[in-house]
Amino acid sequence: METHVPHVDSEENEDPGAAPYGNFINYYSFNPPENRLGLIPEALLENIGFGSERVLMLDVGCNSGDLSIALYKHLLHKEASGSDSPKRELYLLGFDLDQDLILRAQNSNPFPQNIQFIPLDITDDQESRTVLESYLRKFGCPRFHLCTCFAVTMWVHLNHGDAAFLSLLSRLASVCEYLLLEAQPWKCYRSAARRLRKLGRSDFEHFKALEIRGDMAAHAREHLEKQCSMELVQSFGNTAWDRSLLLFRRR
Ligand SMILES: C[S@@+](CC[C@H](N)C(=O)[O-])C[C@H]1O[C@@H](n2cnc3c(N)ncnc32)[C@H](O)[C@@H]1O
């Protein structure tokens, strides 16, 4: 029997006119957390050497928090099984520029002691530095142990240009020991821009002028390795939307 599933192969096929920063209100109905979680080992934190100590995570552009929370549970699962309380102290700070999405994340947060969601625009240099440093200071940590940035780079790039794309990567590298990055491939940029045009709206401000184009994961890797003292340690493979999940570490 044939089932009719809407043909959605990337978020850019949704209406970017209504969500020009990728701030889709129903994101997880078409890209459920499992799509990414399936590629990420449950024992990731142990594998990268964070034994039983306190671990701080940062999730950049967390939307309504569904993936942040699912990832939090995923990474605790292994150790939590067989005992009532997880052995590890895991804290997660998720932020997004969309206040409504953050409100939803806050209202459905099952672990408010350990997970915090706040509104923040990563392209606001001063504010993001102040807010992230103040969070880290509370824990007496110089950096987050793990920063995740899923499907955000393209939106920063399209809306703010090449320099902002690179400084996003530099900023992330400067605040963490490990960075798990899912950068949207170039074909997604084209469909996001095409879709906007179809809706009769003008292009993303920077789309035509972008010089960084082509293999976006390779560009990100080059910048992180050459300019940010990071190195690629592992690729977890490609998601159903053909995006690679790359893990970098501070050298
Ligand atoms: C496509 S969604 C991805 C959500 C989530 N990271 C995931 O992959 O499941 C992109 C998110 O990035 C957020 N975003 C875009 N530009 C941002 C910025 N400059 N600062 C913070 N968040 C941003 C959007 O509001 C949106 O929620």
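This is a short dialogue about the cavity and the ligand in a predicted model.

Colleague: I am new to this one. How does one look for empty space inside a structure?

Modeller: Rolling a probe the size of a water molecule over the atoms shows where empty space is left. Do keep in mind that this model is predicted.

Colleague: How many cavities of 30 Å³ or more does the structure hold?

Modeller: There is one. Its volume comes to about 340 Å³.

Colleague: Which residues are closest to the centre of the largest cavity?

Modeller: Look for Tyr 21, Gly 61, Asp 96, Ala 151 and Val 152, which belong to a lining of 26 residues.

Colleague: And which elements give two or more residues to that lining?

Modeller: You can pick out two helices, H1 (27-30) and H7 (153-160), along with two strands, S1 (55-60) and S2 (90-96). The largest share is from H7, with three residues.

Colleague: What is the lining like by class?

Modeller: Sort the residues into three classes and you get 15 nonpolar, six polar and five charged.

Colleague: Now the ligand. Where does the ligand sit?

Modeller: You will find the ligand in the largest cavity, the one we have just walked around.

Colleague: Which residues come nearest to the ligand?

Modeller: The ligand has 23 residues around it, and the nearest are Tyr 28, Arg 36, Gly 61, Asp 96 and Phe 150. Helices H1 and H7 and strand S2 each supply at least two residues of this shell. By class, the shell has 14 nonpolar, five polar and four charged residues.

Colleague: How should I read the polar contacts, and which atoms take part?

Modeller: Here a pair of N or O atoms counts if the two are within 3.5 Å. With the ligand on screen, start at Phe 150, where a polar backbone atom is 2.8 Å from a nitrogen atom of the ligand. Leu 97 also offers a polar backbone atom, 3.3 Å from a ligand nitrogen. For a side chain, turn to Asn 63: one of its polar side-chain atoms lies 3.1 Å from an oxygen atom of the ligand.

Colleague: How much of the ligand's accessible area does the protein cover?

Modeller: On its own the ligand has 590 Å² of accessible area, and the protein covers 100% of that.

Note on methods: Residues numbered from 1 in each chain as written. Predicted model: local features only at pLDDT ≥ 70, side-chain atom pairs only at ≥ 80, totals over all residues. Heavy atoms only, no water. 1 Å grid on protein atoms, 1.4 Å probe; cavity = no way out; pocket = protein on both sides within 12 Å on 5 of 7 lines; lining within 4 Å. Points joined across faces, edges and corners; volume = space filled by probe spheres on them. Helix = DSSP H or I, 4+ residues; strand = E, 2+ residues; numbered from the N terminus. Nonpolar A, V, L, I, M, F, W, Y, C, P; charged D, E, K, R; others polar. Near = heavy atom within 4 Å. Polar contact = N/O pair within 3.5 Å; in protein donor to acceptor, adjacent residues only side chain to side chain. Areas by Shrake-Rupley, 256 points an atom, 1.4 Å probe, with all protein chains shown as cover. Sits in = over half its atoms within 2 Å of the grid points.
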